[in-house]
Amino acid sequence: EVVDSGCNVQLVMVGEGPEENNLKDQIRDLDLEDKVFITPGEVSLEQYMTLFDIFCLPSIHEGLGLSLMEAMAAGRACIATNVGGLAELITDEQDGILIPVADSQALAVAVKRLAEDFPLRERLANVARKKAFNKFAIEDNIERMIEMYKGVVGT
């Protein structure tokens, strides 16, 4: 849908899974071999981040969302589904875009919007990066956990 709208995008899917062959068949059937690429997750996602302008995590179920945190820290504009821990990482329209679960139309609209609106993409990416460094830094989280434990034991 995004490609059909005339938007100049390419999709890189990182990882492997049971639907990989079905996805490859769909890519071929839709004549999208020059627009959609599937690569195994043999290297860390962090190494792929420099290739992306937009990071999408359209999960149906998701726990913590480590890959989303990595994308935010890398300064990428992010789109994620409003599910699990993802909704706690992104504040919609401030540091990313949240979309409903299993809503391909909303995903297409969000991708097209960010692909066409460079200032919005840059603003979301910059705010996401700052948030990642301020809220997700391991040192800060360790310090908060220590303080929480001190409160529990009463010291």
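This report looks at helix H3, the nonpolar cores and the largest pocket of a predicted model.

## Ground rules

Local features need pLDDT of at least 70 and side-chain atom pairs pLDDT 80 or more, while totals for chains, interfaces and linings use all residues. Numbering starts from 1 along each chain as its sequence is written, and side-chain values use heavy atoms, with hydrogens and water left out.

## Helix H3

H3 spans residues 66–73 (helices are DSSP runs of H or I, at least four residues; strands are runs of E, at least two; both numbered from the N terminus). Leu68, Met69, Ala71 and Met72 are its buried residues (under 20% relative accessible area, 1.4 Å probe, protein chains only). They sit on the same side of H3, because they cover an arc of only 160° around the axis (taken from the directions from the helix axis to the C-beta atoms).

Their cover includes strands S3 (54–57) and S4 (77–81), plus helices H4 (86–89) and H6 (118–135). Leaving aside neighbours within four places in sequence, Met72 has contacts that include Cys78, Ile90 and Phe136 (heavy atoms within 4.5 Å). After H3 comes Gly75, with a positive phi near 75°.

## The core

The largest nonpolar core (buried Ala, Val, Leu, Ile, Met, Phe, Trp, Tyr and Cys joined through side-chain atoms within 4.5 Å) has 19 residues, and Phe55, Leu68, Met72, Cys78, Ala80 and Ile90 touch the most other members. H3 gives the largest share, four residues. Apart from this core lies another of 15 residues, including Val2 and Leu120.

Methods:
Buried < 20%, exposed > 50% of the residue type's maximum accessible area, 1.4 Å probe, protein only.
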